[in-house]
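Me: I would like to practise reading charge pairs, burial and helix packing in a model. Could you take me through one, feature by feature?

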Amino acid sequence: IVDIDIAEDGNINCLDLTMGRIFQYDEDCNLLFIAGTNASQVGGFKQAAALESCGDRLYVTDTMKNTVTIFKETDFGKAVHKASSLHNDGYYEEALLPWLEVLKYDGTYNRAYLGVAAAKLRSGDYEEAMKYAKLADAGKIYDKAFEGYRMEFIKNNFEPILLAVIFGLIAIAGSVKIRRDKKAALAAE
């Protein structure tokens with residue numbers, strides 16, 4: 001890493017000299033993007049030396065090509081930054097729509113699945129939270145969602161469950177009594 005820049009929104013940009021890549025992390029150090037490469041083409045670097053952010057742009061200097069490459073935030077990037085910012089500030093439900101928008105752009109963006117799972121969990125939609133947590137491979141969120149789902153199921157079905165348990169115990173007690181009576185009858189013979 002040859003340079004690090006912290007943007008106005010708190011995102012952290014790191015420049016990797018060896019691979020010519022820019023890694024962008026949110027303020028909680030979750031990876032958001034990877035851009036650039038070692039190449040002669042536009043957007044590539046021969047020797048990336050420094051980076052600086054200003055507004056929605058990222059400037060990267062290349063000492064071998066004597067150039068400054070300017071990266072501008074795309075609509076996808078805006079959606080990711082908005083969702084990530086809301087999520088990191090604890091506004092999980094408000095981040096739901098931006099995360100869903102991110103998934104429209106890129107259906108494999110793992111961080112969006114995690115954000116949707118957290119929002120669904122927070123709103124009490126446990127089945128959807130489990131679905132998205134599974135897609136994000138987020139075991140802790142999945143476990144919390146499953147616990148909520150199980151409690152909701154028990155609460156909604158308490159009477160039938162209780163009746164089934166009572167009838168089951170009565171059936172077991174009756175079965176035991178019938179066996180005892182048969183053993184006693186056989187022993188009496």
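Reply: Gladly! Keep in mind that this is a predicted model. Let us begin with the charges.

Me: What should I look for in a salt bridge, and how many salt bridges does the structure hold?

Reply: The general idea is that side chains of opposite charge can pair when their charged atoms come close. In this structure there are 3 salt bridges. One of them joins the side chains of Arg111 and Asp26, with 3.2 Å from N to O. That pair ties together distant parts of the chain, since Arg111 sits in helix H3 and Asp26 in the loop between E3 and E4, 85 residues apart.

Me: Are Arg111 and Asp26 buried or exposed?

Reply: For burial, the cut-off is under 20% relative accessible area. Arg111 has 9% relative accessibility, so this arginine counts as buried. Asp26 has 0%, so this aspartate is buried as well.

Me: Which residues does Arg111 touch, beyond those up to four places away in sequence?

Reply: Here a contact list tells you what surrounds a side chain. For Arg111 in helix H3, the list holds Asp26, Asn30, Leu32, Ser84, His87, Asn88 and Trp99. Asp26 thus appears twice in our reading: as a contact of Arg111 and as its salt-bridge partner.

Me: With which residue does Lys120 form a salt bridge?

Reply: Its partner is Asp125, and the closest N and O atoms are 3.9 Å apart. Look at each end separately. Lys120 is buried because its relative accessibility is 16%, whereas Asp125, with a relative accessible area of 28%, is partly exposed.

Me: And how far apart in sequence are Lys131 and Glu128?

Reply: They are 3 residues apart in helix H4, which means that about one helical turn separates them. Their side chains meet in a salt bridge of 3.9 Å, N to O. Both ends are partly exposed: Lys131 has 43% relative accessibility, and Glu128 has a relative accessible area of 26%.

Me: Which residues of helix H4 are buried?

Reply: When you read a helix, go along it residue by residue and ask what is covered. In H4, which spans residues 126-136, the buried ones are Ala129, Met130, Tyr132, Ala133 and Ala136. The cover over these residues includes helix H2 (96-105), helix H3 (110-123) and helix H5 (139-156).

Me: Could we zoom in on Ala133? What is this residue in contact with, leaving aside neighbours within four places in sequence?

Reply: Ala133 contacts Ala117, Ala138, Ile141 and Tyr142. Its relative accessibility is 1%, so Ala133 counts as buried. For a sense of scale, the C-alpha atoms of Ala133 and Leu32 are separated by 18 Å, and these two residues are 101 places apart along the chain. Leu32, you may recall, is among the residues that Arg111 touches.

Me: What follows H4?

Reply: The end of a helix is a good place to check backbone angles. After H4 comes Asp137, whose phi is positive, near 55°.

Me: Last topic, the surface. Which residues form the negative patch?

Reply: A patch is read as a group of like charges on the surface. The negative one here is formed by Glu8, Asp9, Glu27, Asp28 and Asp89. Take Glu27 as an example: this residue lies in the loop between strand E3 (21-25) and strand E4 (31-35). With a relative accessible area of 40%, Glu27 is partly exposed. The loop between E3 and E4 also holds Asp26, the partner of Arg111.

How values were computed
Residues numbered from 1 in each chain as written. Predicted model: local features only at pLDDT ≥ 70, side-chain atom pairs only at ≥ 80, totals over all residues. Heavy atoms only, no water. Buried < 20%, exposed > 50% of the residue type's maximum accessible area, 1.4 Å probe, protein only. Helix = DSSP H or I, 4+ residues; strand = E, 2+ residues; numbered from the N terminus. Contact = heavy atoms within 4.5 Å. Patch = residues over 30% accessible without salt bridge, like charges linked within 9 Å, V, L, I, M, F, W, Y side chains within 5 Å. Areas by Shrake-Rupley, 256 points an atom, 1.4 Å probe, with all protein chains shown as cover. Salt bridge = Lys/Arg side-chain N within 4 Å of Asp/Glu carboxyl O. Lys, Arg positive; Asp, Glu negative; His and termini not counted. Charge placed at Lys NZ, Arg CZ, Asp CG, Glu CD.
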